[in-house]
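User: Could you take a close look at one part of this model for me, and then work outwards to the spaces around it? I'd like the cut-offs spelled out as you go.

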Amino acid sequence: MGKIAFIFPGQGSQTVGMGKDIAQSDANIAAVFQSADERLGFALSSLIFEGPQETLTLTYNAQPALLTTSVALLEKVKEAGIAADYVAGHSLGEYTALVAAGALSFTDAVYAVRKRGEFMEEAVPAGEGTMAAVLGMDAAALEAVTKEISEQGDPVQLANLNCPGQIVISGSKAGVEKAGNLAKERGAKRVIPLEVSGPFHSLLMKPAASHLQEVLNTIAIRDAEIPVIANVTAQPVVKKEEILRLLIEQLYSPVRWEQSVETMIRLGVDTFVEIGPGKVLSGLVKKISRSVSVYAVNDLASLQATVAALKGE
């Protein structure tokens with residue numbers, strides 16, 4: 001029997017109404033949403049269930065909303081008796097992975113990501129930084145492009161190494177635009193600007209990282225009970241000191257998602273279960289490896305289908 005990894009989505013997967021069906025069907029799950037409301041001091045749950053979408057999509061709302069919905073779905077997966085050998089999350093999703101691994105309490109995590117969203121929003125004034133997905137170019141060639149543009153005074157760097165042929169760059173508006181144009185000249189198939197409010201996972205996020213450190217120093221981080229594959233290193237981490245350090249670095253370092261998935265496969269994972277809204281990570285895993293099984297749990301119906309498949313029912 002191969003091993004199972006739970007993977008958790010990041011920002012961009014949020015939709016109004018996510019998690020509503022499970023919250024309505026289960027009082028214990030409704031309590032998860034309620035405890036987020038209590039910890040944050042406002043009705044996050046009504047924003048998740050009722051919208052509006054543009055308010056939900058604001059970084060400091062989207063982050064706690066996705067974490068809460070993913071944790072609620074995780075509770076249902078655990079209730080069904082499915083356990084993970086490894087966990088990982090994309091960017092914000094790493095916090096959900098740490099909750100799943102017992103390294104963070106849910107309420108501390110929801111508070112931390114709310115603050116993380118605020119700090120990310122404040123680090124670079126709106127409109128000054130951005131991100132873009134570059135398709136059909138390898139990392140080394142794209143890194144040469146970003147280095148060249150950065151040296152000319154417009155900072156830009158690799159931010160998300162998602163899957164073969166899909167890399168996100170991040171930095172100043174001018175840096176991302178110039179790097180995108182140069183990448184196309186050098187053979188990139190497409191450059192797609194992303195609808196984000198800032199240059200996440202770039203060095204422009206350094207100011208946010210020092211604020212985040214202050215918040216994380218006030219909450220209890222424990223050793224993980226299940227190894228967490230960290231975004232920054234794409235390697236398993238268990239020790240609380242290392243978890244803390246990597247969460248700070250994660251804000252301004254690239255998300256090594258492709259490598260993280262390869263690491264899990266090398267460690268014997270043959271089944272990936274994406275837990276949370278959307279199916280973004282399931283799609284990336286399928287592009288990284290054709291030889292693994294991939295499931296997405298994002299509502300009651302997909303939960304039941306996944307549990308039945310994993311239990312061979």
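Analyst: Let's start with helix 7, which covers residues 106–123: it has 18 residues and reaches 25 Å from its first C-alpha to its last, close to the 26 Å expected at 1.5 Å a residue. That expected span is 1.5 Å times one less than the number of residues. Helices here are DSSP runs of H or I with at least four residues, strands are runs of E with at least two, and both are numbered from the N terminus. Keep in mind that this is a predicted model, where local features need pLDDT of at least 70 and side-chain atom pairs count only at pLDDT 80 or more, while totals for chains, interfaces and linings use all residues. Residues are numbered from 1 along each chain as its sequence is written, and side-chain values use heavy atoms, with hydrogens and water left out.

The buried residues of helix 7 are Phe106, Asp108, Ala109, Val110, Ala112, Val113, Arg114, Arg116, Gly117, Phe119 and Met120. Buried means under 20% relative accessible area, exposed means over 50%, and partly exposed is in between, with a 1.4 Å probe and protein chains only. As background, an α-helix has 3.6 residues a turn, so residues three or four places apart point the same way. The buried residues of helix 7 pack against helix 2 (27–40), helix 5 (59–79), helix 6 (93–100), helix 10 (206–216) and helix 11 (240–250); contact means heavy atoms within 4.5 Å.

Glu122 also sits in helix 7, but Glu122 counts as exposed because its relative accessibility is 57%. Glu122 and Gly198 are 76 residues apart in sequence, yet their C-alphas are 9.2 Å apart in space.

Now for the domains. The chain is divided into domain 1 (3–123 + 204–311) and domain 2 (129–196), with bounds that come from an automatic or database domain assignment. Their C-alpha centres lie 26 Å apart, and 12 residues of domain 1 are in contact with 12 residues of domain 2.

On to the pockets. On a 1 Å grid over the protein atoms alone, a pocket is an open set of points with protein on both sides within 12 Å along at least five of seven lines, a cavity is a set where a 1.4 Å probe fits but cannot get out, and lining residues have an atom within 4 Å of a point. Grid points are joined across faces, edges and corners, and a volume is the space filled by probe spheres set on the points. The largest pocket holds about 740 Å³ of space. It has 32 lining residues, and the closest to its centre are Gln11, Gly12, Asn160, Leu194 and Val196. Helix 7 turns up again here: helix 5, helix 7, strand 3 (129–135), strand 4 (156–163), strand 5 (166–172) and helix 13 (280–288) each supply at least two lining residues. Domain 1 and domain 2 each give at least three residues to the lining of the largest pocket. By class, that lining has 14 nonpolar, 15 polar and three charged residues, where Ala, Val, Leu, Ile, Met, Phe, Trp, Tyr, Cys and Pro count as nonpolar, Asp, Glu, Lys and Arg as charged, and the others, Gly among them, as polar.

Asn160 deserves a zoom. Asn160 lies in strand 4 and is buried because its relative accessible area is 8%. Leaving aside neighbours within four places in sequence, Asn160 is in contact with His90, Met131, Gln166, Ile167, Val168, His201 and Val255. One of those partners, His201, lies in the loop between strand 6 and helix 10. Phi of His201 is near 55°, a positive value in a residue other than glycine; most residues other than glycine have a negative phi. At 3% relative accessibility, His201 counts as buried.

Finally, there's one cavity of 30 Å³ or more, with a volume of about 30 Å³. Its lining is Glu94, Leu98, Val228, Ala230, Val237, Ile243, Leu246 and Leu247, which divide into seven nonpolar, no polar and one charged. Helix 6 and helix 11 each supply at least two of these residues, and helix 11 gives the most, with three. Both of those helices also pack against the buried residues of helix 7, which brings us back to where we started.
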